[in-house]
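Subject: Structure handover

Hello,

Here is the structure for your work, followed by notes on what was found in it. Please read the notes with the model open.

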Amino acid sequence: MNTRTDRLLTVAEVAEQLGTSERFPRRLIAERRIRYVKVGRHVRIPQSALDAYIAARTVEPVRQSRSGFRLAA
């Protein structure tokens with residue numbers, strides 16, 4: 001996404017999108033596990049950084065084959 005049009009989110013908005021308390025995104029910032037922008041004394045997280053964080057931690061389901069099931073004798 002173009003950084004000029006990338007929406008900057010507050011910590012509260014990030015927490016709401018993740019369904020967590022504000023403490024979790026603040027910890028991500030403190031541990032530098034997510035990209036962020038300092039605007040004066042304020043911290044903002046680009047929407048693209050949040051999307052990338054979610055995509056990197058998304059786990060796809062494992063597809064089971066039917067051959068793994070046994071038939072009763």
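In helix α3, the residues that count as buried are Gln47, Ser48, Ala49, Leu50 and Tyr53. The cover over these buried residues includes β1 (8-9), α1 (11-18), α2 and β3 (42-46). Please note that this is a predicted model.

Two of the buried residues in α3 are polar, and I looked at each of them.

Gln47 lies in helix α3, which spans residues 47-56. Its relative accessible area is 16%, and the limit for buried is under 20%, so Gln47 counts as buried. Leaving out residues up to four places away in sequence, Gln47 touches Asp6, Arg7, Leu9 and Gln17. The C-alpha atom of Gln47 is 9.8 Å from that of Thr5, and the two residues are 42 positions apart along the chain.

Ser48 is also in helix α3. Its relative accessible area is 18%, and Ser48 is buried. The side chain of Ser48 is in polar contact with the side chain of Arg35, at 3.1 Å.

Now the overall layout. The protein has 3 helices and 3 strands, and from the N terminus on they follow the order β-α-α-β-β-α. Of its 73 residues, 22% are buried. The accessible surface is about 6200 Å², and carbon and sulfur atoms hold 50% of that. Among contacts with a separation of 6 or more, 45% join residues 24 or more positions apart.

On the sheet: the 3 strands form an open sheet, ordered β1-β3-β2, with antiparallel pairing. β1 and β2 are the edge strands with a single partner strand each, so each has one side without a neighbour in the sheet. The antiparallel pairing of β1 with β3 rests on 2 bridges. In this part of the sheet, Leu8 stands opposite Pro46 of β3.

Which residues make up the largest nonpolar core? This core has 10 residues: Leu9, Val11, Val14, Leu28, Ile29, Ile34, Ile45, Ala49, Leu50 and Tyr53. Each of α1, α2 and α3 supplies at least two residues of this core. The most comes from α3, which gives 3 residues.

One core member I followed further is Val14, in helix α1. Is Val14 buried or exposed? Val14 counts as buried because its relative accessibility is 0%. Apart from residues up to four places away in sequence, Val14 touches Leu9, Pro25, Ile45 and Leu50. Of these, Leu9, Ile45 and Leu50 are listed in the core with Val14. Val14 and Arg26 are 12 residues apart in sequence, and their C-alpha atoms are 9.6 Å apart in space.

Pro25 comes up again at Thr20, which is placed in the loop between α1 and α2. Not counting residues up to four places away in sequence, Thr20 touches Ala15 and Pro25. The relative accessible area of Thr20 is 31%, so this residue is partly exposed.

The last item is a backbone angle to check. Arg32 is not a glycine, yet its phi is positive, near 55°. Most residues other than glycine have a negative phi. Arg32 is in the loop between α2 (23-30) and β2 (37-39). Where does Arg32 stand on exposure, buried or exposed? Arg32 is exposed, because its relative accessible area is 65% and the limit for exposed is over 50%.

To recap the points for your own pass through the model:

- Gln47 in α3 is buried at 16% relative accessible area.
- Ser48 makes a side-chain polar contact with Arg35 at 3.1 Å.
- The sheet is open and antiparallel, in the order β1-β3-β2.
- The largest nonpolar core has 10 residues.
- Arg32 has a positive phi, near 55°.

Regards

Technical notes
Residues numbered from 1 in each chain as written. Predicted model: local features only at pLDDT ≥ 70, side-chain atom pairs only at ≥ 80, totals over all residues. Heavy atoms only, no water. Helix = DSSP H or I, 4+ residues; strand = E, 2+ residues; numbered from the N terminus. Buried < 20%, exposed > 50% of the residue type's maximum accessible area, 1.4 Å probe, protein only. Contact = heavy atoms within 4.5 Å. Areas by Shrake-Rupley, 256 points an atom, 1.4 Å probe, with all protein chains shown as cover. Polar contact = N/O pair within 3.5 Å; in protein donor to acceptor, adjacent residues only side chain to side chain. Pairing = 2+ DSSP bridges. Core = buried A, V, L, I, M, F, W, Y, C linked by side-chain atoms within 4.5 Å.
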